[in-house]
Amino acid sequence: MSGHAAPVPMTAHPSGPLFGTADVPGDKSISHRALILGAMAVGETRISGLLEGQDVLDTAKAMRAFGAGVERVGDGDWRVHGVGVGGFAEPDHVIDCGNSGTGVRLIMGAMATSPISVTFTGDASLNKRPMARVTDPLSLFGCQSVGRAGGRLPMTIVGAEQPVPVRYTVPVPSAQVKSAVLLAGLNAPGQTVVIEAEATRDHTERMLAGFGAEIGLEETDEGRVITVTGQPELKPQAITVPRDPSSAAFPVCAALIVPGSDVLVPGIGLNPTRAGLFETLREMGADLTYEAIREEGGEPVADLRARYSPDMRGIEVPPARAASMIDEYPILSVVAANAHGQTNMRGVKELRVKESDRIEAMASGLRANGVTVEDGPDWWTVTGMGAGGVPGGGLTHSHLDHRIAMAFLCLGLAAQAPVRVDDAGPIVTSFPVFEPLMVGLGAKMERTGR
Ligand code: S3P
């Protein structure tokens, strides 16, 4: 989706209580991986609960271009006819991954050890993001890449004819980089080893084990050492995608800051590598409970219940927790603005290279709504104004970033005056039903003229 779609301006107004059940869509990270590993298995993988957001649809389209059969058979129900590890055909057109860093980086990994050449592109946001973090380790397998200055898309990857296995220490905490190397290792002979100092989301490892790959995990002084044995035959799976904790974060946080709210968000994935936000909110004093904790499709799941919490306090968010809540800092900063005292977020340099520079985007939008924010290269501090204390009334810019748009719309629900977002269009990449779902709970938000 790299066309220049017309902007979708929206306004969120101070709202009455949010109330009811919020059925958020499937997990974006798991959805990408289900399609890609399904395409690398031999036979038919069945997926239910797939996120039908634009990012994932772009990955589905890419898998078709590599020769896999990818078919939608119902709401969230998909079938993937895989071509086997090493079976990718060379696409006859450019692979457009739209807004999705996860999509492009995982697919680059999956194709890098096959003897095919592929050109990747994306939208204006994705084409600014760094790709050397994946092409550097992929070059160790023997593939080559040519992109724009600074390792930017559009970029062509010439896959390795005779790949060799790799041992690689990931220099930044990134599940995308780790996963790209593991997926490349699938078509290299022998054992590929990835070492990460900080644990990042482990959906690739879990799913590889489910598909029958030989995958080892060891906790050492260096960090987590993950070993995958190359050239397995992956067995097709039936995958139930849990609902996305990163999407659940929006109705949960909105309920915490809108007076009188009581919202249930069922079936949310609570993989410990993803659940850092909920732990942080509870430390801040949020009335957030887990109900009916269970396991679905190899992932821990619970129903989340969030009630209005006017007495939340700012905290020091432990940097060691950053990887487990990296996508949730924008909405956390909105909660922090409605808490008492300062919330310090440190060790979050990665936020600068997401769909937007998320520290800059949130800091300037919060300031435009009367909130004091200080920031540095890898940290930022929000000074809370207490429940209902945010003046609002500002225009914010989403910078082609879905999570920035949703965070500011949630801010507007609890502010004293409406908050405008210049373009809420990118929300379709991860949470296409955000607007009707929030309105159904009682949120006042609408599309507005420019
Ligand atoms: C993701 C990893 C994270 C996260 C992104 C999804 C994944 O990115 O921000 O939304 O599915 O692997 P990084 O690997 O850049 O940290």
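In the hairpin formed by β16 and β17, two residues lie between the strands, and one glycine, G297, takes a positive phi near 55°. This is a predicted model, and the description below moves from that hairpin to an open sheet of four strands and then to the helices α9 and α10, whose axes come within 10 Å.

**The hairpin and its neighbouring strand**

- Strand β16 (residues 287-296) pairs with β17 in the antiparallel sense, and eight bridges connect the two; within this pairing, E295 stands opposite P300 in β17.
- Strand β17 (residues 299-307) is also joined to strand β15 (residues 262-269), here through six bridges and again with the strands running antiparallel; D262 is the residue that stands opposite R307 in β17.

**The open sheet**

- The four strands follow the order β18-β19-β21-β20, and their pairing is mixed; β18 (316-317) and β20 (372-376) are the edge strands, each pairing on one side only.
- At the β18 edge, two bridges join β18 to strand β19 (residues 340-346), and these two strands run parallel, with V317 standing opposite M345 in β19.
- In general terms, strands of a sheet pair through backbone hydrogen bonds, in either a parallel or an antiparallel arrangement.

**Helices on the sheet**

- Helix α9 (residues 329-337) lies across β18, β19 and β21 (379-385), and its direction runs at about 35° to that of β21.
- Helix α10 (residues 358-367) also packs on the sheet, where it touches β20 and β21, and its direction makes about 160° with that of β20.

**How α9 meets α10**

- The axes of α9 and α10 come within 10 Å and cross at roughly 30°; because angles under 35 degrees count as roughly parallel, the two helices are therefore described as roughly parallel to each other.
- The crossing in which α9 passes α10 is right-handed.
- On the α9 side the contact is made by P330, S333, V334 and A337, which meet R358, M362 and L366 in α10; by class, this contact has five nonpolar residues, one polar and one charged.

**The surroundings of α10**

- Seven of the 10 residues of α10 are buried, so this helix is largely enclosed by the rest of the structure.
- The buried residues are R358, I359, A361, M362, A363, G365 and L366, and R358, M362 and L366 also appear in the contact with α9.
- What covers the buried residues of α10 includes α9, the strands β20, β21 and β22 (395-396), and helix α11 (402-414).

Key. Residues are numbered from 1 along each chain as its sequence is written. This is a predicted model: local features need pLDDT of at least 70, side-chain atom pairs count only at pLDDT 80 or more; totals for chains, interfaces and linings use all residues. Side-chain values use heavy atoms; hydrogens and water are left out. Two strands pair if DSSP finds at least two bridges between them. Contact means heavy atoms within 4.5 Å. Axes are lines fitted to C-alpha atoms, for helices over the stretch in contact, and angles run from 0 to 180 degrees between N-to-C directions. Angles under 35 degrees count as roughly parallel, over 145 as roughly antiparallel, 65 to 115 as roughly perpendicular and the rest as oblique. A crossing is left-handed if the near helix is turned anticlockwise from the far one by less than a right angle, and right-handed if clockwise. Ala, Val, Leu, Ile, Met, Phe, Trp, Tyr, Cys and Pro count as nonpolar, Asp, Glu, Lys and Arg as charged, and the others, Gly among them, as polar. Buried means under 20% relative accessible area, exposed over 50%, partly exposed in between (1.4 Å probe, protein chains only).
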